Amino acid sequence: MKTLQTIVVILTLITATSCKENTASETVSEGQKEIKTEKNMKVLFVLTSHDKLGDTGKKTGFWVEEFASPYYTLLDKGATITIATPKGGAAPVDPSSDSPDAATEATDRYNKDADAKDKIANTKVLADMNPDDFDAVFYPGGHGPLWDLTNDANSVALIEKFDRQNKPIAFVCHAPAVLKDVKNEDGTALVKGKKVTGFSNLEEAAVGLTEVVPLLLEDMLIENGAFYSNGDKWAPYAVQDGNLITGQNPASSELVAEKLLETLK
């Protein structure tokens with residue numbers, strides 16, 4: 001009887017040890033899976049090459065916060081980020097976005113980040129980018145894209161291919177304007193019937209550029225059949241419809257980045 005009890009104790013210990021090992025193994029596997037998912041993200045950022053604010057004699061370009069906040073949100077999760085522009089080389093910064101009153105935690109980090117600044121100074125040529133090499137594409141805003149990326153055939157083709165592959169396509173502030181000529185496979189506007197947002201007419205009027213910009217983003221999206229909506233002026237507001245993610249203004253850039261990150265997981 002004593003021998004039988006001893007055997008039972010030994011078997012119990014073996015079983016407990018085996019279960020513990022299996023549990024540990026499963027936990028490590030889950031951790032490895034999570035790390036692999038995050039570290040393998042490859043995201044293409046597309047910035048403007050345009051630096052003239054219409055006929056005002058002033059400069060424009062991309063808005064720093066709209067680049068920096070999504071850039072660091074994704075970078076800190078292990079994403080590999082490639083930056084491209086229509087012309088390649090240095091991407092112009094909108095001077096207004098580099099002023100103290102436009103500063104955020106993300107812009108402060110960018111201003112101290114030599115590596116990020118080097119990437120901005122040496123962007124890739126958009127025409128050389130292959131959507132097959134990336135998991136998602138993100139377009140920061142600023143007024144610059146209204147002049148060049150809205151009419152860029154390479155940008156249109158790139159977005160259409162990302163969409164056909166059902167990969168996330170994300171835009172913030174003025175950047176949804178680049179969807180103007182993007183089509184579905186049946187030839188209809190990509191935004192037709194989609195919930196979207198972007199820089200509002202009220203916000204454009206507030207910065208005094210209604211008569212300067214080549215198009216009003218809100219009007220264009222509605223004319224193309226989108227279900228446009230917006231929040232209060234300058235307040236964070238982002239909308240997702242399937243793989244299409246849009247944000248209203250600079251304050252919405254982090255929301256867009258979070259939605260993009262969640263979609264990539």
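In the predicted model, strand 2 and strand 3 (residues 124-125) pair in the parallel sense, with 2 bridges between them. Within this pairing, Ala 84 has Lys 124 of strand 3 as its bridge partner. Strand 2 is also joined to strand 1 (residues 42-46): these two strands run parallel and are connected by 5 bridges. Here Leu 44 stands opposite Thr 82 of strand 2. Strand 2 itself spans residues 80-85 and is mostly covered, as 5 of its 6 residues are buried. In a regular strand, side chains alternate between the two faces of the sheet.

The connection between strand 1 and strand 2 involves helix 2 (residues 64-75); together, the three elements make a β-α-β unit that is right-handed.

A further site concerns Glu 160, which is placed in helix 5 (residues 153-164). This residue is buried but has no salt bridge. The nearest side chain of opposite charge is that of Arg 164, at 4.1 Å; a salt bridge is counted within 4 Å, and therefore this pair does not qualify. The side chain of Glu 160 does, however, have a polar atom that lies 2.8 Å from the backbone nitrogen of Lys 183. When neighbours within four places in sequence are left aside, Glu 160 is in contact with Asp 181, Val 182 and Lys 183. Lys 183 thus appears both in the contact list of Glu 160 and in the 2.8 Å approach of its backbone nitrogen to the Glu 160 side chain.

Methods. Residues numbered from 1 in each chain as written. Predicted model: local features only at pLDDT ≥ 70, side-chain atom pairs only at ≥ 80, totals over all residues. Heavy atoms only, no water. Helix = DSSP H or I, 4+ residues; strand = E, 2+ residues; numbered from the N terminus. Buried < 20%, exposed > 50% of the residue type's maximum accessible area, 1.4 Å probe, protein only. Lys, Arg positive; Asp, Glu negative; His and termini not counted. Polar contact = N/O pair within 3.5 Å; in protein donor to acceptor, adjacent residues only side chain to side chain. Contact = heavy atoms within 4.5 Å. Pairing = 2+ DSSP bridges. Right-handed = clockwise from strand over helix to strand, strands pointing away.
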